[in-house]
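Biologist: Please show me the model, so that we may discuss its pockets and its cavity.

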Amino acid sequence: MLNPDAALKMINDLSFAPEVEQVPVAETLGRVLAEALPARVDSPPFSKAAMDGYALRSSDQADRFRILEMIAAGDVPENRVAAGQCSKIMTGAMVPEGADKIVRVEFTRESEGWMTVVEPEPYENIIYRGENLRAGDPLLEPKMLRAQDIGVLSSQGYPSVPVAAVPLVGVITTGSELRAPGQQLDPGQIYDSNGPQLCAQVEAMHARCRSYGTVPDEPKQLAAAIEGALGECDLLLLSGGVSMGDLDFVPGVLKSLGAEILFHKLAVKPGKPTLFARKERSFVFGLPGNPVSTFIIFEVFVKAFLFRWMGIASTPRQVSGTLAQTVKRRDAERLEYRPVRLEKRRIVPLSYHGSSHLSALREAEGLIRVEIGTTRLEEGSELDVRLL
Ligand code: AMP
Ligand code: MG
């Protein structure tokens, strides 16, 4: 059994040269930025009003102010503001020369071309040129782009950016007992949940999923399906048939196809039989059939692989909290990932009967780690939760 952190290191040490493509910024949600980008313009590009009001000199003690003009967002002011003068200005408009303060409209009265300040304005209400960013400042490092990053790139005038190509991930579920949802379930059969779940996990990573359906536990059919998919995909996910049973054909079939087994069996719970292999430029995860195992192994190991493939390290979001009840286990040979939910800062382990208990994941908001050698985590201990 390989130590799971060693397996993660092996994955993170793989080197890929992902193809880079230039994509319109509006289409980059979830894509991985391929290189660090600088700010292209000062932000804001000119000193501008933060409020609707009147631009004037802060030192001006006049009783009332002559209004020179109205400056709308997008206008260039025509007048310099001198003593006893002001210009009406809208939020986002360029501050006129001479002025160093905007008195908010609600603190003023206007009549026949004159403005009177009726309440003191404590703030300048000006956002100065380059106050947020200067042209040339670092803007974004390689990362998976989120909506706010798309906003940031657009605000800097980037029409398109270089992003890593998206991996094509194939999914084959194996098991003679599996039927697709919608089909009739005969005695001994179950619905295939791993196929749709894995594709959803792939799509949540903004990668492309190609589903190859279900293959029965029969080596010839399995070999044909795997061979076909390996020729097309960057990564192939297999579910089921990977452990020690008489009908667990996945490891043997992969070997017969010339794949190199990088690891098989991890000191992890759930998911001990997990297999990782490569054939030429394609990689394969053999995931255990039990649906909780499949879910968790994807979350921890497959995600790390996909991030690596796209050129960045996986940095799972974590929060810390206090364990709401003692967690005990007899066997401490493996690193265990336990599903939990969160009540404010309290970590509540889910009542979970093992790796086939998929419905327990309905409430799961995170995973905690029970380390190798640990048999008890005491109520009240401080733990990190990896968010799902
Ligand atoms: P296996 O890894 O093939 O020994 O399967 C372990 C358990 O997971 C068995 O109870 C299988 O019936 C179940 N299982 C295998 N594949 C799937 C699947 N695609 N969806 C749901 N359960 C599955
Ligand atoms: Mg099976």
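The exchange below concerns the open and enclosed spaces of this structure.

Modeller: This is a predicted model, in which local features need pLDDT of at least 70, side-chain atom pairs count only at pLDDT 80 or more, and totals for chains, interfaces and linings use all residues. Residues are numbered from 1 along each chain as its sequence is written, chains are lettered from A and ligands numbered from 1 in the order in which they are written, and side-chain values use heavy atoms, with hydrogens and water left out.

Biologist: Which helix gives the most to the lining of the largest pocket?

Modeller: A pocket is an open set of points on a 1 Å grid over the protein atoms alone, where a 1.4 Å probe fits, with protein on both sides within 12 Å along at least five of seven lines; lining residues have an atom within 4 Å of a point. The largest pocket has a volume (the space filled by probe spheres set on points joined across faces, edges and corners) of about 680 Å³, and M144, K303, F307, T315 and R317 are the closest to its centre among 23 lining residues. Helices (H or I, at least four residues) and strands (E, at least two) are DSSP runs numbered from the N terminus, and α3 (194–204), α6 (291–309) and β28 (382–387) each supply at least two lining residues. The most, 5 residues, come from α6.

Biologist: What volume does the largest cavity have?

Modeller: A cavity is a set of points where the probe fits but cannot get out. The count comes to 1 cavity of 30 Å³ or more, and its lining includes T174, P216 and D217. The volume of the largest cavity is about 30 Å³.
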